[in-house]
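Colleague: I would like to learn how to read a model like this one, feature by feature. Could you walk me through it?

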Amino acid sequence: MSRTIQVGLNRVEGDLEIKLEVAGNRIVDAWTSGTMYRGFEQILIGRSALDGLVITPRICGICGTAHQYAAVTALETAFNCAVAPNGTRVRNICLLAEEVQSDPKHVFLLFTPDLFNPKYRDEPWFAEALAYFEPLKGWVYKEVVKMTKTILEIVAIFGGQWPHSSYMLPGGVVTPPNPRKILESMAILDNYQRWYEKTILGCSSERWLAIKTLADLDVWLAERKEHHDSPAGLYIRVLRAIGLTELGRGKGNLLSFGVYNDPVTWQPPFTQHRHLRPSGFYSSATGKIAAFDHQAVTEHVKHSWYLDYEGGRHPWEGQTIPDYQVPSEKYSWAK
């Protein structure tokens with residue numbers, strides 16, 4: 001006997017709908033539907049290339065730096081222009097700051113609300129989790145909202161504002177780094193690290209990074225009350241208690257496109273550049289990491305609400321012409 005589960009997600013940057021067909025305890029089919037069309041590809045048509053650096057950060061309200069980074073590197077590749085290494089360094093610093101703020105927001109603001117489903121009300125951890133993570137009321141929830149704003153001040157120091165900054169240009173950034181900006185950023189980072197260690201982890205960063213295995217994690221949870229009762233400790237205990245550590249396990253294959261351009265190698269013709277966080281494909285079958293080539297990626301629109309084209313195309317060659325049809329075999333705005 002099979003059943004269909006349909007879940008709408010509005011806590012991501014762009015509405016998403018997941019539909020699962022379940023037989024017994026196994027998922028036998030699945031559909032991921034992007035339910036919102038944004039149309040930035042159409043907005044940019046006919047505009048100056050530099051307009052994209054102002055428009056694309058508006059794609060997302062939480063990761064505009066990432067979109068601006070993608071836009072400026074696309075222009076540099078198209079123009080084949082030299083890039084100041086310090087410009088790439090500034091971009092990396094700002095993108096790292098944005099990544100840092102995304103992590104606790106994802107865990108403690110976007111995921112933990114699901115822990116307060118009425119089905120969990122009688123669980124022994126429920127009251128503690130409510131005090132920590134209840135939206136707009138829990139003490140951890142409020143701390144995360146406050147402190148993730150502070151780390152983003154680093155982006156404002158170099159970019160003038162956050163979100164929707166406009167400080168990247170082909171060839172570098174509009175404001176070069178100087179000792180004052182660097183020292184201000186380091187002070188913000190030091191303050192954030194102290195807060196994260198004391199409030200979220202209940203231990204030093206070095207102690208947390210020493211955890212390499214599940215056995216290490218068990219030791220960490222048990223060795224000190226500060227670890228056990230920290231938001232990280234409670235989060236781990238709750239996920240284990242409700243069995244999430246045993247659900248949704250995939251095949252173990254992992255893909256990274258790479259991120260943070262190496263300031264030295266990000267230069268024309270951009271074919272031999274490296275990433276500070278490397279790209280690669282990890283195969284669980286072989287236990288090895290193979291090189292990743294983005295030019296082997298193709299996009300398909302057979303099941304998407306866009307005008308059809310034959311086969312798959314690399315994103316450089318793809319078309320994004322909306323063609324909403326219901327009913328049909330199409331079901332998503334995502335390619």
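**Reading the features one by one**

Modeller: Gladly, and let us begin with a turn: in the hairpin of S9 and S10, with four residues between the strands, Gly287 takes a positive phi near 70°. Keep in mind throughout that this is a predicted model.

Colleague: Which strands pair with S9, and in what sense?

Modeller: On one hand there is S10 (residues 288-290), which pairs with S9 in the antiparallel sense over three bridges. Within that pairing, Phe281 stands opposite Ala290. On the other hand, strand S6 (residues 254-256) is joined to S9 (residues 280-283) by three bridges, and these two strands also run antiparallel. There, Ser256 has Gly280 as its bridge partner.

Colleague: Before we go on, how confident is the prediction, and which element has the lowest mean pLDDT?

Modeller: The average pLDDT of the protein is 93, and 99% of the residues score at least 70. Among the elements, S1 has the lowest mean, 83, while helix H9 (residues 205-209) has the highest, 98.

Colleague: Then let us look at S1. In what order do the strands of its sheet come?

Modeller: A useful general idea first: in a regular strand, side chains alternate between the two faces of the sheet. Here, three strands make an open sheet in the order S1-S2-S3, with antiparallel pairing. S1 (2-9) and S3 (26-34) each have a single partner strand and stand at the edges, so one side of each is left without a neighbour in the sheet. On average, neighbouring strands of this sheet are turned by 15° against each other, direction ignored.

Colleague: How many bridges join S1 to S2?

Modeller: Eight, and S2 covers residues 16-23. To find the pairing by eye, look for Leu9, which stands opposite Leu16 in S2.

Colleague: Lys19 and Trp31 caught my eye too. Where does Lys19 lie relative to the ring of Trp31?

Modeller: Lys19 lies over the face of Trp31, at 4.8 Å from the ring centre. A second case to look up is Lys335, which lies over the face of Tyr306 at 5.9 Å from the ring centre.

Colleague: Now backbone geometry. What should I expect of phi and of peptide bonds?

Modeller: Most residues other than glycine have a negative phi, and most peptide bonds are trans. With that in mind, look at Asn80, which is not a glycine but has a positive phi of about 55°. Asn80 lies in the loop between helix H3 (64-79) and helix H4 (85-111). Leu136 is another non-glycine residue with a positive phi, about 70°, and its place is in the loop between helix H5 (126-133) and helix H6 (139-151).

Colleague: Are Asn80 and Leu136 buried or exposed?

Modeller: Asn80 is partly exposed, with a relative accessible area of 45%. Leu136 has 67% relative accessibility, so this residue counts as exposed.

Colleague: And which peptide bonds are cis?

Modeller: One of them joins Pro268 and Pro269, with omega about 5°. Pro269 sits in the loop between strand S7 (259-261) and strand S8 (275-277). Another cis bond runs from Val326 to Pro327, with omega near -5°, and Pro327 lies in the segment after S10.

Colleague: Last topic: aromatic rings. How many pairs are there, and how do I read one?

Modeller: The count comes to 20 aromatic pairs. Take Tyr37 and Trp333: their ring centres are 4.7 Å apart and their planes stand at 35°, so the pair is tilted. Tyr37 is in the loop between S3 and helix H1 (40-44), and Trp333 is in the segment after S10, so the pair ties together parts that are 296 residues apart in sequence. Tyr37 is partly exposed at 28% relative accessible area, whereas Trp333 is buried at 14%.

Colleague: What about Trp266 and Phe270: how are their rings arranged?

Modeller: Trp266 and Phe270 form a tilted pair, 4.4 Å centre to centre with 45° between the planes. Both residues are buried.

Colleague: Which residues should I select to see an aromatic cluster?

Modeller: Select Phe108, Phe111, Tyr132, Phe133, Trp139 and Tyr235, which form one aromatic cluster.

Methods: Residues numbered from 1 in each chain as written. Predicted model: local features only at pLDDT ≥ 70, side-chain atom pairs only at ≥ 80, totals over all residues. Heavy atoms only, no water. Pairing = 2+ DSSP bridges. Axes fitted to C-alpha atoms, helices over the stretch in contact; angles between N-to-C directions. pLDDT = per-residue confidence, 0-100. Buried < 20%, exposed > 50% of the residue type's maximum accessible area, 1.4 Å probe, protein only. Phe/Tyr/Trp six-rings, centres within 6.5 Å; stacked < 30°, edge-to-face > 60°. Lys NZ or Arg CZ within 6 Å of the ring centre and 35° of its normal.
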